[in-house]
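Please work through the following exercises with the structure at hand. Each task is followed by a solution in steps.

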Amino acid sequence: MGKFQGDIVINTERCKGCEVCVAACPFSVIAMSKDVNGKGYHFAIKVNDECTGCTNCGTVCPDGVITVYRAKVTTE
Amino acid sequence: MEELFAKPEIRKPENIVYKKTNLMIDRPLSYCPGCGHGTTHRMLMEVIEEMGIQENTIGVSPVGCSVLAYDFLDIDMLGAAHGRAPALASAIKRLWPNRFVFTYQGDGDLAAIGTAETIHACNRGENITIIFINNGIYGMTGGQMAPTTLEGMRTATSPYGRDIATMGYPLKITELIAHLPGVNYVTRQAVHTPNHVRKTKKAIRKAFEIQKEKKGLSFIEVVSNCNSGWKLTPVQANKWMEENMFPFYPLGDMKIDGKLV
Amino acid sequence: MGELKLMKGNEAIAEAAIRAGCDGYFGYPITPQSEVMEYLMAQKPFERTGMVVLQAESEVASINMVYGGAGTGKKVMTSSSSPGISLMQEGISYMAGAELPALIVNAVRGGPGLGTIQPSQADYFQAVKGGGHGDYKLIVLAPASVQEMCDHVKLGFDLAFKYRTPVMILSDGAIGQMMEKVVFFDQIPRRTDEELMKECPWAAVGKPKNREHIRITSLDLDPAGQERVNLKLQAKYKTIEENEILYEEIQCKDAEYLFVAFGLSARICQKATDLARAKGIKVGLFRPITLFPFPIQQIAATGNRMKGVLVVEMNAGQMIEDVKLSMGSKVKIEHFGRFGGIIPSPDEVVNALEQKIIGG
């Protein structure tokens with residue numbers, strides 16, 4: 001039995017905190033940080049383990065700051 | 001800062017399924033947070049990358065928010081005078097018939113000051129692609145009324161809302177263009193949700209394929225937000241766009257293979 | 001050896017463009033220069049040499065088509081007449097700013113406004129002082145014959161590419177319309193794309209993997225950067241002034257009086273010189289051929305040997321300002337002009353010399 005697991009890497013220094021990715025994620029994986037980056041934006045961060053690597057966030061991010069990974073993980 | 005929920009076993013180069021294309025130059029975009037320009041730029045560059053035509057593409061950028069598009073797109077580009085991009089592109093394509101030539105223009109550039117250049121390039125059936133970002137406002141100059149500003153919409157130069165009696169009607173230039181015989185493909189898309197982004201990319205790909213087959217002009221309108229000009233957050237702006245812009249500027253194909261849909 | 005033809009000035013421009021290996025002409029009909037595009041369309045240069053000829057929707061579109069073509073390194077041109085050239089100033093300024101080579105022909109007609117369709121030289125200021133917005137200059141060539149209409153097309157393209165700058169041929173309705181003998185140079189082949197890319201590494205032709213992408217623009221939002229652009233332009237104009245001045249002196253050696261005139265006015269002054277000499281007045285003619293760069297030292301040297309100088313123009317007094325700046329105030333300098341489309345007769349010019357300079 002296998003299922004897909006995903007992960008995302010957010011270039012937080014380039015994130016402008018628009019939150020469009022938050023709205024696009026079907027599993028509420030992304031939320032906004034309380035901290036701000038060098039430009040003063042609350043950047044996107046990953047807040048749970050539910051990512052399936054669907055690429056929605058990366059696709060919709062206007063600044064292209066999200067890289068998405070996806071792999072089939074075999075479970076016993 | 002320590003990153004929670006990272007999965008090192010997944011986060012390997014061979015597992016990358018989405019990454020910003022290298023044809024986007026690695027520098028911060030000059031656009032406001034949540035602006036659709038960045039997304040549209042990226043889709044355009046993804047198409048150029050996938051078709052392997054970086055070396056054969058010449059772009060023309062407008063005057064407006066995307067005036068600096070040539071700083072972000074890793075292709076040869078010319079910056080046109082306000083509204084004149086279709087004139088530049090017409091000449092470039094005729095002089096370089098084997099290059100892929102596109103313009104990238106906003107609503108003020110394409111549908112106000114450049115109306116003549118737009119209509120006539122379309123009517124001549126120039127074998128180019130026009131990408132038209134319609135956010136119903138002049139973003140760069142600080143949110144003034146555009147030809148596509150909706151009735152009643154407040155802008156810096158229509159502070160009490162666009163009054164049709166004194167300011168005229170919002171211009172559906174894409175509908176006008178669809179009726180010109182030189183135009184092969186006309187579609188209206190958006191980039192505010194993942195599915196819309198994917199459809200926009202498909203439309204751009206189709207437009208470039210039409211150019212490859214020398215079938216005439218392809219015209220893609222992207223209805224986009226201007227959260228700064230509209231004075232909303234990006235997420236609110238996208239909602240406002242769905243509720244107000246899309247009913248007046250409905251999404252979808254208007255013309256395929258030279259036939260009105 | 002070249003080919004001898006009898007031809008209108010405007011047609012000579014068109015034929016010379018084809019022979020110069022021009023890649024593209026973009027224009028809009030306007031009297032008195034519509035023959036340029038008519039001749040090109042009739043000659044089918046798209047079959048003769050592969051040259052593109054396109055009738056645009058306006059002069060605004062024409063000049064921006066030229067801008068597009070020039071930005072990709074192609075040898076491109078347009079032609080128009082005064083009201084159309086006014087519309088083109090936007091694109092000309094952008095090309096000057098982006099340092100692009102192009103050839104623009106102005107068959108000047110009387111103004112202001114819609115004015116008249118008859119010949120004039122009232123666009124001198126517009127041509128030599130920039131014309132559009134910003135600190136820039138065009139190289140301005142002033143042909144006085146159909147032969148020079150032909151020759152200046154080739155020269156204009158050469159200078160445009162040598163200095164990466166727009167060049168203007170400042171003709172007028174009369175030189176454009178009149179028929180004369182003209183000896184054409186042999187066909188110069190259009191450059192191949194490979195030759196173009198070698199000659200114009202700055203051109204936006206499509207980005208190969210092994211070089212940076214090219215951006216053709218006149219925009220630099222950083223004032224320090226924009227000042228550098230301006231300084232570079234000014235340095236270029238200085239080099240042009242040092243190297244490219246053209247002028248002609250006729251019967252100046254023994255002259256006591258001098259006509260200074262360009263283009264059609266110089267033709268009239270040449271006849272006036274003969275008429276005056278028949279009356280015993282020793283007069284010569286100084287004809288600037290390049291209006292920018294202006295022959296400052298040459299006019300000063302010749303003019304200041306004279307008892308008086310009459311600047312003859314088909315305008316209300318434009319080039320006279322440059323003549324005065326060149327010569328200073330040692331010698332009397334007066335202007336004689338007819339305008340609004342009136343061509344002065346040689347007799348009128350001699351009269352003006354007698355009254356304003358000799359008797360004045």
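**Exercise 1. Determine the strand order of the open five-stranded sheet in chain C, and identify its edges.**

Solution. The model is a predicted one.
- Step 1. Following the pairing from strand to strand gives the order 10-12-11-14-15 in chain C, an open sheet of 5 strands with mixed pairing.
- Step 2. The edges are strand 10 (247-250) and strand 15 (332-337) of chain C, each of which pairs on one side only.
- Step 3. On average, neighbouring strands of this sheet are turned by 20° against each other, direction ignored.

**Exercise 2. Describe how strand 11 and strand 12 of chain C are joined, and state what lies across them.**

Solution.
- Step 1. Strand 11 (residues 257-260) and strand 12 (residues 283-288) of chain C run parallel and are joined by 4 bridges.
- Step 2. Within this pairing, C:Gly284 of strand 12 stands opposite C:Leu258.
- Step 3. Helix 14 (residues 346-358) of chain C lies across strand 11 and strand 12, and also across strand 14 (308-313) and strand 15 of chain C. The angle between helix 14 and strand 15 of chain C is about 150°.

**Exercise 3. Assess whether the radius of gyration of chain B agrees with that of a compact globule, and characterise the chain further.**

Solution.
- Step 1. A compact globule of 261 residues would have a radius of gyration near 18 Å; chain B has 18 Å, so the two agree.
- Step 2. Taken along the principal axes, the C-alpha atoms of chain B fill a box of roughly 65 × 45 × 35 Å.
- Step 3. Chain B contains 9 helices and 11 strands, and 61% of its 261 residues count as buried.
- Step 4. Among contacts in chain B with a separation of 6 or more, 67% come from residues 24 or more positions apart.
- Step 5. The exposed area of chain B is about 9,800 Å², and carbon and sulfur atoms supply 55% of it.

**Exercise 4. Classify the ring pair B:Phe100 and B:Phe208, and place the two residues in the fold.**

Solution.
- Step 1. Over all chains, the count comes to 11 aromatic pairs.
- Step 2. The ring centres of B:Phe100 and B:Phe208 are 6.0 Å apart and the planes are at 20°; planes under 30 degrees apart count as stacked, so this pair is stacked.
- Step 3. B:Phe100 belongs to strand 4 (residues 100-106) and B:Phe208 to helix 7 (residues 194-212) of chain B, so the pair ties together parts that are 108 residues apart in sequence.
- Step 4. B:Phe100 and B:Phe208 are both buried, and ring pairs link them with B:Phe102 into a cluster.

Technical notes:
Residues are numbered from 1 along each chain as its sequence is written. Chains are lettered from A and ligands numbered from 1 in the order in which they are written. This is a predicted model: local features need pLDDT of at least 70, side-chain atom pairs count only at pLDDT 80 or more; totals for chains, interfaces and linings use all residues. Side-chain values use heavy atoms; hydrogens and water are left out. Two strands pair if DSSP finds at least two bridges between them. Axes are lines fitted to C-alpha atoms, for helices over the stretch in contact, and angles run from 0 to 180 degrees between N-to-C directions. Contact means heavy atoms within 4.5 Å. The radius of gyration is taken over C-alpha atoms; the globule rule is 2.2 Å times the number of residues to the power 0.38. Buried means under 20% relative accessible area, exposed over 50%, partly exposed in between (1.4 Å probe, protein chains only). Accessible areas come from the Shrake-Rupley method with a 1.4 Å probe; for residues, only the protein chains shown count as cover. Rings of Phe, Tyr and Trp (its six-membered ring) pair if their centres lie within 6.5 Å; planes under 30 degrees apart count as stacked, over 60 as edge-to-face and the rest as tilted.
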